[in-house]
Amino acid sequence: MSLLTLFQRDECHLCDQAVIVLVQARAGDFESRWIDADVELEQRYGLRVPVLRREDTGAELDWPFDAGRVRDFLRAE
């Protein structure tokens with residue numbers, strides 16, 4: 001299981017930018033979860049995507065974020 005999950009939509013330019021930021025931050029492997037076809041995820045994340053979630057703590061980082069914020073997010077307890 002990956003430490004990180006990126007909640008995103010199909011055809012979402014902000015989601016595409018978030019992937020680039022994760023690469024720039026050298027965040028490592030992450031799982032992409034597409035919310036479009038999942039009613040529960042749509043209700044939870046619909047207007048917030050992209051959202052980065054740490055699976056070890058449950059902490060979430062809403063867009064907008066940059067590489068520095070991602071690195072800080074990953075270092076946080």
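These exercises work through a predicted model, each with a stepwise solution.

**Exercise 1. The disulfide**

Find which cysteines the disulfide joins, and determine its handedness.

*Solution.*
- Step 1. Search the whole structure: 1 disulfide turns up.
- Step 2. Identify the partners. The bond joins Cys-12 to Cys-15, with an S to S distance of 2.5 Å.
- Step 3. Apply the cut-off. A disulfide is a pair of cysteine sulfur atoms within 2.5 Å.
- Step 4. Read the torsion about the S-S bond of Cys-12 and Cys-15. It is about 75°, so the disulfide is right-handed.
- Step 5. Check the surroundings. Both Cys-12 and Cys-15 are buried.

**Exercise 2. Two helices**

Describe how helix H1 packs on helix H3.

*Solution.*
- Step 1. Recall what is needed. Two packed helices are described by the angle between their axes and the distance between the axes.
- Step 2. Locate the helices. H1 covers residues 13-24, and H3 covers residues 67-75.
- Step 3. Take both values. The angle is about 65°, and the axes lie 8 Å apart. H1 is therefore roughly perpendicular to H3.
- Step 4. Name the residues in contact. H1 contributes Val-21, Leu-22 and Gln-24; H3 contributes Ala-67, Val-70 and Arg-71.
- Step 5. Assign the hand. H1 passes H3 in a right-handed crossing.

**Exercise 3. Ala-27**

Decide whether Ala-27 is buried or exposed, and list what it touches.

*Solution.*
- Step 1. Place the residue. Ala-27 sits in the loop between H1 and strand E2 (30-34).
- Step 2. Use the accessibility. The relative accessible area of Ala-27 is 16%. Buried means under 20%, so Ala-27 is buried.
- Step 3. List the contacts. Not counting residues up to four places away in sequence, Ala-27 touches Leu-4, Leu-22, Val-70 and Leu-74.
- Step 4. Look at Leu-4. Ala-27 and Leu-4 are 23 residues apart in sequence. Their C-alpha atoms are 8.4 Å apart in space.

**Exercise 4. Two arginines in a strand**

For Arg-53 and Arg-54, find the burial and a polar partner of each side chain.

*Solution.*
- Step 1. Place them. Arg-53 is in strand E3 (residues 51-54). Arg-54 is in E3 too.
- Step 2. Assess burial. Arg-53 is buried, at 19% relative accessible area. Arg-54 is buried, at 7% relative accessibility.
- Step 3. Find the polar partners. The side chain of Arg-53 makes a polar contact of 3.2 Å with the side chain of Glu-60. The side chain of Arg-54 reaches the backbone oxygen of Ala-76 at 2.5 Å.
- Step 4. Widen the view, leaving aside neighbours within four places in sequence. The contacts of Arg-53 include Leu-3, Phe-7, Arg-44, Tyr-45 and Glu-60. Those of Arg-54 include Leu-3, Phe-73, Leu-74 and Ala-76.

**Exercise 5. Unusual backbone**

Identify two cis peptide bonds and two non-glycine residues with positive phi.

*Solution.*
- Step 1. Set the expectation. Most residues other than glycine have a negative phi, and most peptide bonds are trans.
- Step 2. Find the cis bonds. Val-49 to Pro-50 is cis, with omega near 0°. Trp-63 to Pro-64 is cis, with omega near 10°.
- Step 3. Place the prolines. Pro-50 lies in the loop between helix H2 (39-45) and E3. Pro-64 lies in the loop between strand E4 (60-62) and H3.
- Step 4. Find the positive phi values. Glu-11 has about 50°. Arg-26 has about 55°.
- Step 5. Place these residues. Glu-11 is in the loop between strand E1 (4-8) and H1. Arg-26 is in the loop between H1 and E2.
- Step 6. Check exposure. Glu-11 is exposed at 85% relative accessibility, and Arg-26 is exposed at 76%.

Methods. Residues are numbered from 1 along each chain as its sequence is written. This is a predicted model: local features need pLDDT of at least 70, side-chain atom pairs count only at pLDDT 80 or more; totals for chains, interfaces and linings use all residues. Side-chain values use heavy atoms; hydrogens and water are left out. Buried means under 20% relative accessible area, exposed over 50%, partly exposed in between (1.4 Å probe, protein chains only). Helices (H or I, at least four residues) and strands (E, at least two) are DSSP runs, numbered from the N terminus. A polar contact is a pair of N or O atoms within 3.5 Å; within protein, one must be able to donate a hydrogen and the other to accept it, and residues adjacent in sequence count only if both atoms are side-chain atoms. Contact means heavy atoms within 4.5 Å. Axes are lines fitted to C-alpha atoms, for helices over the stretch in contact, and angles run from 0 to 180 degrees between N-to-C directions. Angles under 35 degrees count as roughly parallel, over 145 as roughly antiparallel, 65 to 115 as roughly perpendicular and the rest as oblique. A crossing is left-handed if the near helix is turned anticlockwise from the far one by less than a right angle, and right-handed if clockwise.
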